[in-house]
Amino acid sequence: KWKSISMKFEVGYRLPIFEEISEEPPLEIEEPVKPVPIVVEKQEEPILNIKSINIEGKIEYGNELLSSLPIVNSVFFESNSSTIPSNYNTKENLESYLTGDAVKVHNHILPRIAEIVKNNPKSTIVLQSATSGEENETNINDLSKNRASVIKDVLLALGIEENKIKLEVLQIPKNPSNQQYREGVLENQRVDIIIKNAPLQEYVDLQKYANFKGKVKLEIMALNLGGKTVEITNNMTNQIIKVDKSGNYNLDLDFRLNPYIEQEELKFKYQLNDTEKEIAQIIDYNKFPREQVDLNLDNFLAILRFDYNSSVVTDENKELLRQLIEKIPDGVTINILGSADELGTAQRNAILAKERADNTMNFIKSIAKKQINIEVGTSNEKFPENTPQGRFLNRSIRIRVIKK
């Protein structure tokens, strides 16, 4: 029996046919970046509500002493013109000349003059027309005559009889302003209206009055205003309530009552989110306490005019001062403040203002049979100097009456 054992040996040499490809690490695939979500905070709407309106106050009533507004009894014309300027009202009269802006009230001078003459049957009118002279205007005689004629025509249309009107045609006014100043030239281009046999104005008058004086308390809710301030206005005062947060706010009331009205609406308005909002509260005047005042002097202000560069108390002003002394009680203090316009030097104007106050004081002392205290000084209050009527009004004294 045969047993065979075999072994096989192979020897070889390896030759590569293909180039070896090196193994590289696998590419990393970047995942897309997820956007960060934008969170928008919701803006809450601003809120402003007037939750409550509480009105407290009282009604004062009685008599008060008032002075009529001063009259500048002239109509001023443009250079080389006899046309009445458009600011003058030639038809409508005012209901009252006791209150208001004296410069604006001057625009109603012609209806006011007509009313005075109608109320005084024996009165007559002299129209003194003038120019600023040949060096400033042309054909001055015809120009002056035409200025008087147009004023006469207006007075006739207002119901004044022709036989009551007389014309005085002048080249320069009887009391001219200084034409070294441009303002003086403009002031002399005028027609002065002189009333005979009647007072130019009723100086002082006792009037019945009623006045509401009190306070309004507002409870206001204000949310999400974002640092802004909301302004609340009202229909009875010029005060503005500025609201920037919730809380209580106050409004002062001080106004004259219409004697024919028992209640009124107090209205508040404000703007929020481009929307105007309004809330109203009824004021029932019958529900407030009343207090009688013997004589109210708080609103008395009398203005007496003087001629250009003059401190002489005219006969007309003397009559007005007599009316004042007759109506004031014993023991009051009369405060007299002199004034002058701005034409000329400051030194001269200061002297003129003081002389006007002093001369008025001396006349009052000469006629007063009552115990009266008098204080004099100069006034810092001025009418606008940019119009002839404003400058005329500044050539004056201001009189107030004070209880002490």
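**Exercise 1. Is Asn 80 buried, exposed or partly exposed, and why?**

Let's solve this one together, keeping in mind that the model is predicted.

Step 1: Locate the residue. Asn 80 sits in the loop that links strand S2 (74–76) to helix H1 (102–105).

Step 2: Look up its accessibility and apply the cut-offs. Asn 80 has a relative accessibility of 40%, and partly exposed covers what falls between under 20% for buried and over 50% for exposed. Asn 80 therefore counts as partly exposed.

Step 3: Check the backbone. Most residues other than glycine have a negative phi. Asn 80 has a positive phi, near 60°.

**Exercise 2. Find where Asn 224 lies, and describe its backbone and accessibility.**

Step 1: Place Asn 224 in the loop between strand S6 (204–223) and strand S7 (230–234).

Step 2: Read its phi, which is near 60° and positive, although the residue is not a glycine.

Step 3: Classify it. Asn 224 is partly exposed because its relative accessibility is 34%.

**Exercise 3. Describe the largest nonpolar core and the elements that build it.**

Step 1: Start with the count. This core has 32 residues, and Leu 110, Ile 113, Ile 151 and Leu 155 have the most contacts inside it.

Step 2: Find the suppliers. Elements giving at least two residues each include S2, H1, strand S3 (124–129) and helix H3 (140–157). Helix H2 (109–119) gives the most, with six residues.

Step 3: Zoom in on one member. Beyond its neighbours within four places in sequence, Leu 155 contacts Leu 110, Ile 113, Ile 125, Leu 127, Ile 160 and Ile 165.

Step 4: Look elsewhere too. A second, separate core has 28 residues, among them Ile 53, Ile 59, Tyr 270 and Leu 272.

**Exercise 4. Examine helix H3: its span, its buried residues and what covers them.**

Step 1: Compare the span with expectation. H3 has 18 residues and reaches 26 Å from first C-alpha to last, close to the 26 Å expected at 1.5 Å a residue.

Step 2: List buried positions. Among them are Ile 140, Leu 143, Ser 144, Arg 147, Ala 148 and Ile 151. In an α-helix, residues three or four places apart point the same way, because there are 3.6 residues a turn.

Step 3: Name the cover. The buried residues of H3 are covered by elements including S2, H2, S3 and strand S4 (165–169).

Step 4: Step past the end. Gly 159, just after H3, has a positive phi of about 100°.

**Exercise 5. Work out the strand order of the four-stranded open sheet, and say which strands stand at its edges.**

Step 1: Write down the order, S9-S6-S1-S12, with mixed pairing.

Step 2: Pick out the edges. Strand S9 (247–256) and strand S12 (290–296) each have a single partner strand, so one side of each lacks a neighbour in the sheet.

Step 3: Add the twist, which averages 20° from one strand to the next.

Step 4: Inspect one pair. S6 and S9 run antiparallel over ten bridges, and Glu 219 is opposite Asn 248 in S9.

Step 5: See what crosses the strands. Helix H5 (residues 315–327) lies across strand S1 (47–67) and S6, at about 75° to S6.

**Exercise 6. Decide whether Arg 398 is buried or exposed.**

Step 1: Find Arg 398 in strand S16 (residues 396–402).

Step 2: Use its relative accessible area of 8%, which means that Arg 398 is buried.

Step 3: Meet its neighbours. Not counting residues up to four places away in sequence, Arg 398 touches residues including Leu 301, Asn 335, Glu 381 and Phe 383.

Methods. Residues numbered from 1 in each chain as written. Predicted model: local features only at pLDDT ≥ 70, side-chain atom pairs only at ≥ 80, totals over all residues. Heavy atoms only, no water. Buried < 20%, exposed > 50% of the residue type's maximum accessible area, 1.4 Å probe, protein only. Core = buried A, V, L, I, M, F, W, Y, C linked by side-chain atoms within 4.5 Å. Contact = heavy atoms within 4.5 Å. Expected span 1.5 Å × (residues − 1). Pairing = 2+ DSSP bridges. Axes fitted to C-alpha atoms, helices over the stretch in contact; angles between N-to-C directions.
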